[in-house]
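Here is a colleague's note, written as numbered points to be read slowly beside the picture. Please keep the sequence at hand while you go through it.

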Amino acid sequence: MTGKNQTVVLEFLLLGLPIKSELRDQFYALFLLMYVTTILGNLLIIVLIRLDSRLHTPMYLFLSNLSFSDLCFSSVIMPNLLQNMQSQVPSIPYAGCLTQMYFFLFFGDLESFLLVAMAYDRYMAICFPLHYTTVMSPKLCLSLVVLSWVLTAAHAMLHTLLMAKLSFCADNIIPHFFCDMSALLKLACSDTRVNELVIFIMGGLILIIPFLLIVMSYARIVSSILRVPSARGIRKAFSTCGSHLSVLSLFYGTVIGLYLCPSANNSAVKETVMAVMYTVVTPMLNPFIYSLRNRDMKGALGRVFCGKKIPFSV
């Protein structure tokens, strides 16, 4: 490492997505459409929950925060990605790179905590309906949201400060479409063992434990519903948990695979594709999976924009 040029890095070059030049315009239009869909879908949820008093419940408090988190999470990555797809020199300043990394970690971690809160809310509502109102009090719900914001802010700041202490030499090319933490560590010309240890330890706390809690909550939900031996109960179980677990698997599976269980066989292209799944696809799908397929949200849509109640079948 001592043989490397110790030139101070003022900016990084992002290689972006591995797309052929003749397909760049088509992919630009696709990602622009996905970003606009993400923004509009999540904004619609926030507006409906804010305007419809019937949605002022614990579940929709968590949903509105999740939508805001998804909106910001996507906005941390997508505008810069779209700009770089049209740029001849896709660069980002050193300070801008660390800032992007901070907010990427912040909103990504926030989503993880909010998904746990939502899973616990559904668990209480379905498994203990008589105690739901008492347990899920406004004070508890607000405390869970505030705690999620505080913990994720501290976690993101920890990684950002550790990254700021590293030295970067002449090599400033990031083989990614954003300032990914693992990609930055590979460029550092100083000791990164502390960073890697913190990633492994904190990653287990922030990612694996919430994931296991969510899976346990939905497993109990399915078990509770299946105790009623009816076709309707089975349909309700799969309707409640199936689509949710699909998105959770997509989000947590790619994140855990990339950061906690990286494989030496993972190519830069494979890692980039996996990153697209949780930075671009998941925030776009969440509004449809968690809210817009929900009868309460459809009813609120009719009341807010049409001024009338729209009937929906079960």
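1. A disulfide, as the word is used in this note, is a pair of cysteine sulfur atoms within 2.5 Å. Please bear in mind throughout that the model is a predicted one, and that by the rule just given the count comes to two disulfides.

2. Which cysteine is joined to Cys97? The partner is Cys179, with an S to S distance of 2.0 Å, and the link of Cys97 and Cys179 is left-handed, with -130° about the S-S bond. This pair connects distant parts of the chain, since Cys97 sits in helix H3 (residues 94-127) while Cys179 sits in the loop between strand E3 (173-174) and helix H6 (181-187), 82 residues apart.

3. Are the two ends of this link buried or exposed? A residue counts as buried when its relative accessible area is under 20%; Cys97 is therefore buried, because its value is 0%, and Cys179 is buried as well, because its relative accessibility is 0%.

4. The other disulfide joins Cys169 to Cys189, with an S to S distance of 1.9 Å, and with 100° about the S-S bond this link is right-handed. Cys169 lies in the loop between helix H5 (138-164) and E3, and Cys189 lies in the loop between H6 and helix H7 (193-226), so the pair ties together parts that are 20 residues apart in sequence. Both Cys169 and Cys189 are buried.

5. If you number the bonded cysteines of the protein in sequence order, what is the pairing? The pairing is 1-3, 2-4, which you can follow by going back to the links of Cys97 with Cys179 and of Cys169 with Cys189.

6. Two further cysteines deserve a look with the same cut-off of under 20% in mind. Cys72 has a relative accessible area of 13% and is therefore buried, and Cys127 is also buried, because its relative accessible area is 19%.

7. Turning to the strands, you will find an open sheet of three strands in the order E2-E1-E3, with mixed pairing. The edge strands are strand E2 (91-93) and E3, each of which pairs on one side only. Strand E1 (residues 11-14) and E2 pair in the antiparallel sense over three bridges, and Leu13 stands opposite Ser91 in E2. Helix H3 packs on this sheet, where it touches E1, E2 and E3, and the direction of H3 makes about 90° with that of E2. As a general point, strands of a sheet pair through backbone hydrogen bonds, either parallel or antiparallel.

8. Asn84 is worth finding next, in helix H2 (residues 58-85). Asn84 is buried, because its relative accessible area is 11%. Not counting residues up to four places away in sequence, Asn84 touches Leu14, Pro90 and Ser91; of these, Ser91 is the residue in E2 that stands opposite Leu13.

9. Lastly, please locate Thr38, whose place is in helix H1 (residues 24-51). Thr38 counts as buried, because its relative accessibility is 1%. Which residues is Thr38 in contact with, leaving aside its neighbours within four places in sequence? They are Asp70, Ser74, Val280, Pro283 and Met284.

Technical notes. Residues are numbered from 1 along each chain as its sequence is written. This is a predicted model: local features need pLDDT of at least 70, side-chain atom pairs count only at pLDDT 80 or more; totals for chains, interfaces and linings use all residues. Side-chain values use heavy atoms; hydrogens and water are left out. Helices (H or I, at least four residues) and strands (E, at least two) are DSSP runs, numbered from the N terminus. Buried means under 20% relative accessible area, exposed over 50%, partly exposed in between (1.4 Å probe, protein chains only). Contact means heavy atoms within 4.5 Å. Two strands pair if DSSP finds at least two bridges between them. Axes are lines fitted to C-alpha atoms, for helices over the stretch in contact, and angles run from 0 to 180 degrees between N-to-C directions.
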